[in-house]
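These are my notebook entries on a structure that is new to me. I set down what I looked up, in the order in which I looked it up.

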Amino acid sequence: MRAGVLHGAGYTGRELIRLIRRHPRLELALVTSRTFAGQPVWNVHPDLREGAFSVLRGVDPAARLTFTSPDPTAAAQMDVLFVAAEHGQGAVTCKAVLDAGFEGYIIDLSADFRLPEAADYKARYEREHPAPELAGSFVYGMADLAAPYAEGTRRVANPGCFATGLTLALAPLAPLKAHVTALTGASGSGARPKPTTHFPDREGNVRAYKVLCHQHMAEVMEVVGASSEVDFIPVSGPWTRGIWGTAHVETSADVDAAFRKAFEGRPLVRLWPDQLPELRWSVGTPYCDIGWVRKDDALVVGFALDNLLKGAASQAVHNFNLISGLDETEGLV
């Protein structure tokens, strides 16, 4: 199937390109960028350039793959689209390609379709939904909990990175009360430089932000349910990629049984009973690692994942595999 990555110049776009190029059922046929149109993809993502032999022979596939300007008509010719636009632009891009007649699979990695109603979007993001007529037409794609999808599903809203870790760690134990602290690397803020991602300010430092009001909590609560209470403190960590967090949980659930039931047969969640996972186990992989420790009445659940993969690109490919009828780990493991 011919695949396109729309707005592919960022960190998530790079990971999508990498995954699609090695996917046995996909051909990367289109990568768009407003800023870098006409330039070879490897000019922006140098690690995707082919080896010296191909370059010297003048047959470097990466050199032939160039960014093109966003063109809904060209995108509509693809079989599957991965939309890696920023929040707000994702819905605009999806509407444009759908209006151009696109009938294939579409995975949107922005926040624009994660909440079921346009009113929910306005309440959370304090702005009008860019395409309210499409709100509710995308399935929320927490792949490890939502699969199998209803037959005929063709539009998926990919979850946020924090939301993926929190939801997978908490939803099997709901209803619950949880206090969560999680640290994320600088790549979670995107490729565009910001004061909070500037290395001298980030290295050797931790900084809490959006305390008790992070935007991902809306989608987390959609899954864990209104009968649960979750307090969340997000923290900037002094590294590039990866999310590591702990949740102090009050629940009546049988923890071991709940996690095993929730993730039985789910190949991209790894369970670590009686220990908390380390970040280094998860970075560079498509897995979410979940572990837990109990002592008397106290329960701590830990989780770790790569924010650019499990929290974005590899989960998008996972969702595509599921809705297109492929083995869910195709091209990922």
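Which side chain does the side chain of H7 join through a polar contact of 3.0 Å? I looked this up in the model, which is a predicted one, and found that the partner is T93.

**Entry 1: H7**

I placed H7 in the loop between β1 (2-6) and α1. I then asked whether H7 is buried or exposed. Its relative accessible area is 11%, and because buried means under 20%, H7 counts as buried. I listed its contacts, leaving aside neighbours within four places in sequence, and found T32, R34, P70, A84, A85, Q89 and T93. T93 is thus in this list and is also the partner in the polar contact between side chains. I also noted the backbone of H7: its phi is positive, about 65°, although H7 is not a glycine.

**Entry 2: D296**

I looked up D296, another residue that is not a glycine and has a positive phi, here near 55°. D296 sits in the loop between β13 and β14. Its relative accessible area is 70%; exposed means over 50%, so D296 is exposed. I set this beside H7, which is buried.

**Entry 3: the largest pocket**

What is the volume of the largest pocket? I recorded about 1,500 Å³. Its lining comprises 47 residues, and the closest to the centre of the pocket are E86, H87, G188, S189 and G190. I sorted the lining by class and obtained 15 nonpolar, 23 polar and nine charged residues. Two helices, α1 (11-22) and α9 (161-170), each supply at least two residues of this lining. The most comes from α1, with three residues.

**Entry 4: the second largest pocket**

I recorded a volume of about 190 Å³ for the second largest pocket. Which residues of its lining lie nearest its centre? I found A186, S187, F199, W239 and T240, among 13 lining residues. Two or more residues of the lining come from each of α1 and α10 (199-202). By class, I noted six nonpolar, three polar and four charged residues in this lining. I marked α1 as an element to remember, since it gives residues to the lining of the largest pocket and to that of the second largest pocket.

**Entry 5: R114**

I found R114 in the loop between β5 (105-108) and α7 (118-125). Its relative accessibility is 6%; with the limit for buried set at under 20%, R114 therefore counts as buried. What does the side chain of R114 reach at 2.7 Å? I identified the backbone oxygen of N158. A polar contact of 3.3 Å joins the side chain of R114 to that of E219. Not counting residues up to four places away in sequence, R114 touches H87, L109, Y140, A157, N158, P159, G160, H216 and E219. One of these, H87, I had already listed among the residues closest to the centre of the largest pocket. I also checked R114 against T12, which is 102 residues away along the chain; their C-alpha atoms are separated by 17 Å.

**Entry 6: the nonpolar cores and α9**

Which members of the largest nonpolar core touch the most other members? Of its 36 residues, I noted L170, L173, V180, V249, I290, V301 and F303. The elements that give two or more residues to this core include α9, β8 (176-184), β11 (243-251) and β14 (298-305). The most comes from α9, with seven residues. I followed V249 further: beyond its neighbours within four places in sequence, V249 is in contact with L170, L173, L176, K177, A178, L299 and V301. Another core lies apart from the largest one and has 33 residues, among them I17, L19, I20 and A143.

I then returned to α9 and found that 10 of its 10 residues are buried. Among them are C161, F162 and L170.

**Entry 7: cis peptide bonds**

I looked up the bond between A147 and P148 and found it cis, with omega about -5°. P148 lies in the loop between α8 (143-146) and β7 (155-157). The bond from A174 to P175 is also cis, with omega near 0°. P175 has its place in the loop between α9 and β8.

Terms used
Residues numbered from 1 in each chain as written. Predicted model: local features only at pLDDT ≥ 70, side-chain atom pairs only at ≥ 80, totals over all residues. Heavy atoms only, no water. 1 Å grid on protein atoms, 1.4 Å probe; cavity = no way out; pocket = protein on both sides within 12 Å on 5 of 7 lines; lining within 4 Å. Points joined across faces, edges and corners; volume = space filled by probe spheres on them. Helix = DSSP H or I, 4+ residues; strand = E, 2+ residues; numbered from the N terminus. Nonpolar A, V, L, I, M, F, W, Y, C, P; charged D, E, K, R; others polar. Buried < 20%, exposed > 50% of the residue type's maximum accessible area, 1.4 Å probe, protein only. Polar contact = N/O pair within 3.5 Å; in protein donor to acceptor, adjacent residues only side chain to side chain. Contact = heavy atoms within 4.5 Å. Core = buried A, V, L, I, M, F, W, Y, C linked by side-chain atoms within 4.5 Å.
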